[in-house]
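Open your viewer and get ready to select some residues. We will take a short walk through a pocket and then look at how some helices pack.

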Amino acid sequence: MFETNARISDTIEVVYPKDEDPGTNITERFGEILTDEALEFLRQLHLRFYTRRADLLRDRHDRRQRLAGGFMPHFLTSTADIREDDSWKVAPIAPGLEDRRVEITGPTERKMTINALNSGAKVWLADFEDANTPHFSNVVGGQINLYDAIRETISYDAPDTGKHYELTDGERPTIVVRPRGWHLTEKHIRVGGSPTIGALTDFGLYFFHNAKELIERGTGPYFYIPKLENHREARLWHDVFEFAEEYVGIKHGTIRATCLIETIMAVFEMEEILYELREYSAGLNAGRWDYIFSIIKKFRDSGKNYILPDRADITMTVPCMRAYTELLVHTCHKRGAHAMGGMSAFIPAKDPEVNAASEKKVRDDKTREATDGFDGSWVAHPGMVGYVREVFDEIMGDQPNQIESKVRNDVSVTAEELLDFKATPGSITEQGVRTNVSVGLRYLEAWLGGNGAVAIFGLMEDAATAEISRSQIWQWVRNKVTLDDGRSVDAELVDRIFTEEKAKLLDEAGNDQARKERIEEATKLFEEVCLSEVFPTFLTIPAYANNIA
């Protein structure tokens with residue numbers, strides 16, 4: 001489709017799914033994003049960085065094998081000088097990121113884009129990762145929506161209700177884009193016949209089309225970086241940013257990146273991650289579900305000291321999670337960076353009593369975060385923005401953040417405290433198994449249908465939900481865990497629950513044949529990854545490879 005003077009094996013091509021040919025629905029605008037110039041930029045990113053990315057992914061596998069052999073994560077001796085040097089700080093806060101007391105997150109679907117920008121939040125995390133199904137229409141359609149949103153030309157008419165959505169007057173959130181993690185690919189854009197890197201596809205298209213426009217409008221190209229496992233992965237992002245700025249001709253150090261510390265390996269290298277990205281760093285974020293998923297994944301066969309209870313029992317106040325969050329705040333503020341809290345997944349309900357209970361939980365959780373020194377936190381629904389803003393307003397007052405006022409020099413966390421999973425209170429119940437199956441099935445069925453942010457049982461769920469659900473079941477079955485009533489968590493019990501929960505879903509689907517087919521597909525895939533001998537590193541990898549056209 002596009003060719004330069006490079007070798008024929010280095011050419012880039014776009015392979016459209018059959019139902020997404022250019023000229024149909026939103027795809028008629030794909031050409032505005034997939035220009036020859038933008039594709040050449042993607043090609044350059046791919047050729048320069050795919051070998052290093054592949055090496056880092058192999059290193060992830062090697063480190064996991066060492067964990068299975070008894071190796072324990074620790075603070076690195078080789079980088080002790082970085083941690084002990086109190087002189088260095090990250091880059092000054094970039095325009096539009098001074099005050100981040102409430103951030104709303106969600107996919108780049110057109111209506112949700114407008115709602116996020118009208119929400120009153122300080123930042124919108126525009127998500128191409130866990131809240132997005134990587135159908136090609138979502139990947140490129142999301143870029144179109146961002147392009148229009150930045151230029152304030154976006155609007156939407158809902159086909160089912162006729163309701164019109166447009167941007168309202170008032171302050172808009174600063175846009176921060178979350179690309180896919182290093183582990184994912186984009187099979188519809190290929191270089192030399194190989195799929196491009198999903199992270200660089202999302203980053204590259206957004207950056208190429210919008211960096212200069214954002215700067216002219218007083219902000220800049222800002223990103224949330226997910227799933228990092230060590231500082232060398234952060235160094236790769238640093239080099240990507242450096243190349244991208246030079247390529248499009250903007251000032252060095254214009255990009256800003258906030259890294260999610262959502263893996264058990266990265267928590268031991270937070271200062272090193274900030275250091276590698278110090279010219280670009282905008283802080284770190286503490287994410288609950290992916291962090292728990294990472295614990296289970298990395299220590300899935302390490303014995304019963306590493307088995308966690310029902311996921312509802314793993315709150316942010318249990319010892320290992322408390323150690324993680326307090327260390328993150330201290331690390332960030334020591335280096336002049338924002339410390340961002342986790343997401344409140346609650347969504348408004350019609351029942352006033354349910355709403356009141358949800359509001360209390362949100363306020364209590366965010367009061368803990370603000371009191372601990374976090375500079376802001378996430379919500380998944382516009383209806384929760386006000387609660388979180390009020391909590392941070394009360395504790396922070398007029399100061400835009402707590403970077404200087406709450407350095408938390410009282411915090412001292414050891415590796416043993418971060419790894420003390422046995423101290424997590426709670427139990428493993430049949431209801432916990434059932435919740436994992438039910439929520440996992442419901443999410444995956446929606447994901448296969450193109451929806452990556454799904455309201456389930458009063459919570460807005462993303463891919464981390466399915467990951468922790470299936471990983472807990474896998475670990476419980478393989479370790480012959482005993483329920484609180486004395487029964488064993490085995491394949492027979494899980495099969496029975498799958499059958500029952502699948503029947504409920506099929507009943508809800510009624511005569512919707514397309515949904516019934518997705519339920520069958522989701523059940524087969526989800527049960528397989530829960531009970532298979534081999535543990536897939538990410539559920540989304542086989543799901544994307546085999547089920548997304």
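**Stop 1: the largest pocket**

The largest pocket holds about 1100 Å³ of space. Here a pocket, on a 1 Å grid over the protein atoms alone, is an open set of points where a 1.4 Å probe fits, with protein on both sides within 12 Å along at least five of seven lines; its volume is the space filled by probe spheres set on the points. Select Arg288, Trp289, Ala345, Phe346 and Leu459: of the 48 lining residues (those with an atom within 4 Å of a point), these are the closest to the centre of the pocket.

Before you go on, note that this is a predicted model, where local features need pLDDT of at least 70 and side-chain atom pairs count only at pLDDT 80 or more, while totals for chains, interfaces and linings use all residues. Residues are numbered from 1 along each chain as its sequence is written, and side-chain values use heavy atoms, leaving out hydrogens and water.

Which helix gives the most to the lining of the largest pocket? Select α11 (352-372), which supplies 10 residues. Helices are DSSP runs of H or I with at least four residues, strands are runs of E with at least two, and both are numbered from the N terminus. Colour the lining by class and you will find 19 nonpolar, 14 polar and 15 charged residues. Nonpolar means Ala, Val, Leu, Ile, Met, Phe, Trp, Tyr, Cys and Pro; charged means Asp, Glu, Lys and Arg; the others, Gly among them, are polar.

**Stop 2: α9 beside α15**

Now select α9 (288-298) and α15 (463-478), which both help to line the largest pocket. Their axes come within 9 Å and cross at roughly 25° (axes are lines fitted to C-alpha atoms over the stretch in contact, with angles from 0 to 180 degrees between N-to-C directions). That makes α9 roughly parallel to α15, a word used for angles under 35 degrees. Show Trp289, Phe293 and Ile296, which are among the α9 residues in the contact (heavy atoms within 4.5 Å). Across from α9, the α15 residues include Ala464, Ile468 and Gln475.

**Stop 3: α14 against α15**

Keep α15 and add α14 (430-448). The axes of α14 and α15 come within 9 Å and cross at roughly 140°. That makes α14 oblique to α15, since 140° falls outside the ranges for roughly parallel, roughly antiparallel (over 145) and roughly perpendicular (65 to 115). Finish with Tyr443 of α14 and Trp476 of α15, two of the residues that make the contact. By class, the contact of α14 with α15 has eight nonpolar, six polar and no charged residues.
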